[in-house]
Amino acid sequence: MSPPELLALIAEFSEKQSPIDFVLILSHWDIFLTGIKNTILLVLFGLVFGAIVALPMAIARWRRIAILSEAIAGFVYVIRGSPMLVQAYILYFGLAQFEAVRESVVWPVLKSPWFCAAIAFAINSAAYQVEIYRGGLNAVPRGEIEAAAAIGMSRTMALRRIILPSALRRCLPMMANESIFLLHGSAIASMLTVIDVLGAARRFNAQYYLAYEGFLAATVIYMVLVFGITRILGFVERKTLKHLALRSATNRIQTQLI
């Protein structure tokens, strides 16, 4: 059987016998590629800018700075207590109702659905990352902080050289979960007319009057992206926490000897 005949046979099976027309889906890879690109960029934007905002806030919460700590706690409560879709709607549809916003220098950014979705992701992720980093800071052993003070480090130097690196390493497992949650939440970008993975699936279904083929393709894409996130962050976690694993193994051996 020649290659053209084999391809024709596969196409016929996909169209008439298979429950999913996978050939049709693969022939529109460009739509889904655009969705994958937008989804990855939105998630990366949310995580990176969320971390930039969240880390100083987490330090302020950890140090219990008066008034500022309470204000940050209020911000975290409001953002985590409201759906991310509502926050995105407020940014994209709500702020546009104010003439002062439309005439301001930020309007070129706020009139873009992509940037409104990205800002909503960053704000939402920042609220969760504040608590993740605060938990990591609280988990730093007291002995490490006392050792830094004993050798004459200032509080700022100890925070930069000892406490923060130790805390961030301990936050990696939780950050993996936050990355996956944000990836799943990124599906709301399609509600703002952004062609993400879900938006690509909707466009594909609408173009061919299909019920579920595009959504099944989107499910597979999300699963592949989650697999990639878990593998990458798992590798980073193993590398950065390797010394803790060795310490635990040494402690177990010493306990057995005793």
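**Salt bridges in an all-helix predicted model**

Reader: Which residue forms a salt bridge with E146?

Author: This is a predicted model in which local features need pLDDT of at least 70 and side-chain atom pairs pLDDT 80 or more, while totals for chains, interfaces and linings use all residues. Residues are numbered from 1 along each chain as its sequence is written, and side-chain values use heavy atoms, without hydrogens and water. A salt bridge places a side-chain nitrogen of Lys or Arg within 4 Å of a carboxyl oxygen of Asp or Glu. With closest N and O atoms 3.8 Å apart, the partner of E146 is R142.

Reader: Where do E146 and R142 lie?

Author: Helices are DSSP runs (H or I, at least four residues; strands are E, at least two), numbered from the N terminus. E146 and R142 are 4 residues apart, about one turn of the helix, and both belong to helix α9 (residues 142-150).

Reader: Is R61 buried or exposed?

Author: Buried means under 20% relative accessible area, exposed over 50%, and partly exposed in between (1.4 Å probe, protein chains only). R61 has 17% relative accessibility, so this residue counts as buried.

Reader: Which residues do salt bridges that share partners join into one network?

Author: R61 pairs with E131, the closest N and O atoms being 3.6 Å apart. R61 lies in helix α3 and E131 in helix α8 (residues 113-138), so this pair ties together parts 70 residues apart in sequence. R134 also forms a salt bridge with E131, at 2.8 Å between the closest N and O atoms. The network therefore consists of R61, E131 and R134.
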